[in-house]
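Reader: I'm new to reading protein structures, and I'd love a close look at a single part instead of a quick tour of everything. Could you pick one helix and walk me through its surroundings?

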Amino acid sequence: AVGFALAVTHPRAGNLGGGGFFVVWLADKKQAVALDFREIAPRAITAKSFLDENGKPDTGKSIRSGLGVGVPGSVSGLATALDKFGWGKFTLAELIAPAIKLARDGIPVESDLARSINFFHRTLLRWPSTAKIFSKDGVPLKDGDRLVQTDLANTLEAIAKAGPDAFYRGEIAQKIAAAVRDAGGVMTAEDLATYRTEVLEVVRGSYRGYDILSMPPPSSGGALLVQLLNILEGYDLGRYGPNAPQTLHLMVEAMKRAYADRAEFFGDPAFVNVPLERLIAKDYAAK
């Protein structure tokens, strides 16, 4: 419910066009599972898609064109979480209903939302579809205005009635793919129709007697967390106390090493061999 509501109220981060990770603790089974519903590249993307004519990286292609749009996973992931772990307490329609109302009736623009619309207004104004929603007469919405998202309400309503297939197949999927291609991308309706949420085993670690259960690759966060804490376990942080210069120094140095490994080794396991067990091993951290 929160995920779908954020698709309406927090457009710069929570949205139907994005994706995510989900770590679930099943208390009755004393078991944790992870859901991977991150965006994936359309099939037609290649290693050369984001290079210029000289073979150099072109950041404009990845952040200012349709080539940078991944096949969205949010709808599949949230629906899969409900299907597998909702225990029949709510239907998808019940959980989406508040989001539909927020989108159709509109929400007041204030504080963070106003700042983000203003920050992104040049990008939003490039496309008539977003300019119509997030601006008035070419001026970005500001404090006191109302953000109404009728198209989004209609899409949410379709998902509530027919489930994820309403988003990944048929008219909505075709419109998404066409819009991405019009923006210079290569997404197809088939890319959307074949999207699937993956169920993965969690990354496990420990810190001073506490168990850590977190997200595995393609997320780097879970393994990074385990590695950081493995390194810090070798030092008596309690001796210095929180936010003491010595504590902060040790944390920064641990982060430098863990993030260096992140840049060197991490990627999508479907394409990259991530040496996960070595990176989260205690003896590796000790070195």
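Author: Happily; what follows is a walk along one helix, then on to its neighbours.

Please keep in mind that this is a predicted model. To set the scene, the protein has 15 helices and nine strands. Its C-alpha atoms fill a box of roughly 60 × 55 × 40 Å along the principal axes. Of its 287 residues, 40% count as buried. Among contacts between residues at least 6 apart in sequence, 61% join residues at least 24 apart.

Our helix is H8, residues 150-162. You can begin with a ruler: at 1.5 Å a residue, its 13 residues should span 18 Å, and the end C-alpha atoms are indeed 18 Å apart, so the expectation and the model agree.

Now, which residues of H8 are buried? They are Leu152, Ala153, Thr155, Leu156, Ile159 and Ala160. These residues cover an arc of only 165° around the axis, so they sit on the same side of H8. A general rule helps here: an α-helix has 3.6 residues a turn, so residues three or four places apart point the same way. Turn to the face of H8 that points away from the buried side, and you will find the exposed residues Lys161 and Ala162. Just after the helix comes Gly163, which takes a positive phi of about 80°.

What covers the buried residues of H8? The cover includes helix H1 (2-9), helix H3 (74-85), helix H4 (92-105), helix H9 (165-168) and helix H10 (171-182).

Let's follow two of those neighbours, beginning with H10. The ruler works for H10 too: at 1.5 Å a residue, twelve residues should span 16 Å, and its end C-alpha atoms are 16 Å apart. In H10, the buried residues are Ile172, Ala173, Ala177 and Val180. Because they cover an arc of only 130° around the axis, they lie on the same side of H10. The other side of H10 carries the exposed residues Glu171, Gln174, Lys175 and Asp182. The buried residues of H10 pack against H8, H9 and H11, which brings us back to our starting helix. After H10 comes Gly184, with a positive phi near 100°.

H11 deserves a short stop as well. This helix covers residues 189-193 and includes Asp191. Asp191 counts as buried because its relative accessibility is 5%, and the cut-off for buried is under 20%. A polar atom of the Asp191 side chain lies 3.0 Å from the backbone nitrogen of Thr188. Not counting residues up to four places away in sequence, Asp191 touches Pro42, Arg43, Val71 and Val186.

The other neighbour to follow is H3, which holds Phe85. With a relative accessible area of 13%, Phe85 is buried. Leaving aside its neighbours within four places in sequence, Phe85 is in contact with Val24, Leu26, Val33 and Leu35. Phe85 and Gly55 are 30 residues apart in sequence, and their C-alpha atoms are 46 Å apart in space.

Finally, look at the empty space. The largest pocket has a volume of about 2,200 Å³. Helices H8 and H10 are among the elements that give two or more residues to its lining, along with H2 (59-63), H5 (111-119), H6 (121-126) and H7 (128-134). In total, 45 residues line the largest pocket, and Asn15, Gly17, Leu124, Ser129 and Thr130 lie nearest its centre.

Note on methods. Residues numbered from 1 in each chain as written. Predicted model: local features only at pLDDT ≥ 70, side-chain atom pairs only at ≥ 80, totals over all residues. Heavy atoms only, no water. Helix = DSSP H or I, 4+ residues; strand = E, 2+ residues; numbered from the N terminus. Expected span 1.5 Å × (residues − 1). Buried < 20%, exposed > 50% of the residue type's maximum accessible area, 1.4 Å probe, protein only. Arc of directions from axis to C-beta. Contact = heavy atoms within 4.5 Å. Polar contact = N/O pair within 3.5 Å; in protein donor to acceptor, adjacent residues only side chain to side chain. 1 Å grid on protein atoms, 1.4 Å probe; cavity = no way out; pocket = protein on both sides within 12 Å on 5 of 7 lines; lining within 4 Å. Points joined across faces, edges and corners; volume = space filled by probe spheres on them.
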